[in-house]
Amino acid sequence: MRINQSAIDQYNSDLQASHEKKFHYLKSTVSQTDKIIEHLQRFQVAIPSWALGAGGTRFGRFSIGGEPATLEQKIEDVGLVHKLNNSSGAISLHIPWDIPANANDIKSLASEHGLKFDAMNSNTFQDQANQALSYKYGSLQHVDKAVRKQAIAHNMDVIKYGLELGSKSLTVWLSDGSCFPGQLNFRKAFQHVLESLEEIYHVLPSDWKLFIEYKAFEPNFYSMTVGDWGQSLLLANKLGPKAYTLVDLGHHLPNANIEQIVALLLMENKLGGFHFNDSKYGDDDLTVGSIRPYQLFLIFRELVEGMNARGMDHALDLGWMIDASHNIKDPLEDLLQSVEAIQIAYAQALLVDDLELEQARAENDVVKAQEILQHAFRTDIRPLVAEARLRNQAALDPLGLYRKLKVRQELINERGTKSKATGL
Ligand code: RM4
Ligand code: MN
Ligand code: MN
């Protein structure tokens with residue numbers, strides 16, 4: 001299914017009058033609206049290929065219907081999201097789930113939809129049917145060199161696929177770790193991961209980035225060999241300038257101060273990528289902003305301020321991606337909600353007056369500093385986000401139009417109720 005521009009234009013003209021009212025009111029109360037809108041217009045968040053079908057838990061999986069069963073269909077689905085919001089112009093692939101049979105065809109299909117290829121993801125956390133050696137006891141950390149070699153070779157293959165598609169980064173997330181005390185020699189495990197990553201880094205093209213994603217627990221429940229930002233940063237620093245830490249919001253121990261982590265990684269020029277989601281308990285992979293919107297805003301505040309301090313381009317210099325899983329919702333609806341939540345937090349972060357905040361800090365005016373942040377967070381910035389979409393020829397209300405066009409039903413008609421997306 002494809003959405004015509006005329007359907008978007010028609011929908012927008014129906015909503016125009018009510019939008020104008022809200023937008024003009026906001027414009028009269030907030031300064032620098034045009035600058036914020038320009039930032040929003042450029043900002044793109046990549047969609048992972050594995051978030052387009054039903055996720056599940058170890059207890060069950062409930063199909064959504066019309067799931068994309070092929071890489072082509074996954075690209076089509078991201079194309080639908082991007083057509084509606086013009087802010088999801090990239091797809092992130094997971095190998096071997098998304099091996100392209102013909103890279104050129106896949107590339108041209110993606111560009112028809114206005115999509116680029118974001119980070120490539122390797123998978124050494126599952127055994128594949130034709131695989132010689134098992135990752136049951138880890139991959140890059142494994143005590144057996146032959147297993148490490150197999151996992152290194154897989155990452156090199158992923159880079160090759162990425163090169164064919166025009167990707168510029170590799171994300172390595174390892175499930176390596178241990179489930180019981182005594183199982184692992186921590187130092188040896190870490191050292192093996194480092195040596196393995198060194199081999200991968202060695203073949204990484206000079207204009208590529210290597211993102212090292214950490215995770216505190218799951219699937220290993222006693223130790224994770226890349227368990228926190230310290231371990232990831234240690235690896236990135238030892239590897240060199242092409243290696244960066246990747247922060248996934250769901251990969252921390254409860255109540256971690258993620259905004260502080262982000263600030264320091266940016267300061268060290270070692271923040272490379274970002275995976276958005278939300279959680280209440282663990283790696284819940286829920287809709288961005290659905291549980292802790294204030295935390296999301298505070299994180300964005302550090303991102304914006306930290307990127308400005310380094311003269312970084314907000315839209316291009318970090319890898320932005322949603323990493324969510326959909327157990328009960330239509331994934332495409334959830335992704336539209338997540339992108340919107342990201343844009344809201346970003347716009348609110350852009351509202352904050354840096355000089356005023358610094359002044360309050362210099363005077364130890366704790367109340368003022370807190371007020372400045374809370375004022376931005378409590379400003380209903382949604383008309384600005386909608387205006388950015390309007391100026392980008394996207395839908396004023398993407399979710400509203402998605403429902404009006406009955407996109408899911410259309411996808412079910414095309415693909416059936418039983419089609420199943422590969423991935424998690
Ligand atoms: C992990 C992690 C990675 C993703 C896999 C599918 O928990 O978030 O980014 O590649 O899930
Ligand atoms: Mn992730
Ligand atoms: Mn995760």
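**Exercise 1. Work out how the donor residues of the manganese ion (ligand 2) are spaced in sequence, and which geometry their atoms help to form.**

Solution. In this predicted model, the donor residues of the manganese ion (ligand 2) follow the spacing E-x34-D-x26-H-x47-D along the sequence. The pair of glutamate 213 and aspartate 323 links distant parts of the chain, 110 residues apart, with glutamate 213 in strand β6 (residues 209–213) and aspartate 323 in the loop between β10 (319–322) and α10 (331–351). Next, put names to the letters: the protein donors are Glu213 (OE), Asp248 (OD), His275 (ND1) and Asp323 (OD), which lie 2.1 to 2.3 Å from the ion. Then turn to the angles, which run from 70 to 165 degrees for the six donor atoms around the manganese ion (ligand 2), and therefore the arrangement is octahedral. For comparison, ideal angles for six octahedral donors are 90 or 180 degrees. Finally, check the burial of two of these residues: glutamate 213 and aspartate 323 are both buried.

**Exercise 2. Identify the protein donors of the manganese ion (ligand 3), and state where in the chain they lie.**

Solution. The manganese ion (ligand 3) is coordinated by His251 (NE2) and Asp283 (OD), at distances of 2.2 to 2.4 Å. Because histidine 251 lies in the loop between β8 (243–248) and α8 (258–267), while aspartate 283 lies in the loop between β9 and α9, the pair ties together parts that are 32 residues apart in sequence. As a last step, relate this ion to its partner: the manganese ion (ligand 3) and the manganese ion (ligand 2) are 4.1 Å apart.

**Exercise 3. Decide whether aspartate 283 is buried or exposed, and describe its surroundings.**

Solution. Begin with the position of aspartate 283, in the loop between β9 (271–276) and α9 (293–309). The relative accessibility of aspartate 283 is 17%, and because buried means under 20%, aspartate 283 counts as buried. Beyond its neighbours within four places in sequence, aspartate 283 is in contact with Lys215, Phe217, Glu218, Asp248, Gly250 and His251. With one of these residues, lysine 215, the side chain of aspartate 283 makes a polar contact of 2.7 Å.

**Exercise 4. Determine which residues come nearest to ligand 1, and how much of its accessible area the protein covers.**

Solution. There are 11 residues around ligand 1, of which His94, Glu213, Asp248, His251 and Asp323 come nearest. For aspartate 323, a polar side-chain atom lies 2.8 Å from an oxygen atom of ligand 1. In the case of lysine 215, an N or O atom of the side chain is 3.3 Å from an oxygen atom of the ligand, and for histidine 275 the corresponding separation is 3.4 Å. On its own, ligand 1 has 290 Å² of accessible area, and the protein covers 95% of it.

**Exercise 5. Find where cis peptide bonds join a residue to proline 96 and to proline 219, and give the omega values.**

Solution. As background, most peptide bonds are trans. The bond joining isoleucine 95 and proline 96 is cis, with omega about 15 degrees, and proline 96 lies in the loop between β2 (90–94) and α4 (103–112). From glutamate 218 to proline 219 the peptide bond is also cis, with omega near 5 degrees, and proline 219 is found in the loop between β6 and β7 (223–224). To connect this with Exercise 3, recall that Glu218 is among the residues in contact with aspartate 283.

Terms used
Residues are numbered from 1 along each chain as its sequence is written. Chains are lettered from A and ligands numbered from 1 in the order in which they are written. This is a predicted model: local features need pLDDT of at least 70, side-chain atom pairs count only at pLDDT 80 or more; totals for chains, interfaces and linings use all residues. Side-chain values use heavy atoms; hydrogens and water are left out. Helices (H or I, at least four residues) and strands (E, at least two) are DSSP runs, numbered from the N terminus. Buried means under 20% relative accessible area, exposed over 50%, partly exposed in between (1.4 Å probe, protein chains only). A polar contact is a pair of N or O atoms within 3.5 Å; within protein, one must be able to donate a hydrogen and the other to accept it, and residues adjacent in sequence count only if both atoms are side-chain atoms. Contact means heavy atoms within 4.5 Å. Donors are N, O and S atoms within 2.8 Å of the metal (3.2 Å for Na, K and Ca); water is not among the atoms, so sites may look incomplete. Four donors count as tetrahedral if all angles lie between 85 and 135 degrees; four count as square planar and six as octahedral if opposite donors are over 155 degrees apart and all others between 65 and 115; anything else is irregular. A residue is near a molecule or strand if one of its heavy atoms lies within 4 Å of it. Accessible areas come from the Shrake-Rupley method with a 1.4 Å probe; for residues, only the protein chains shown count as cover.
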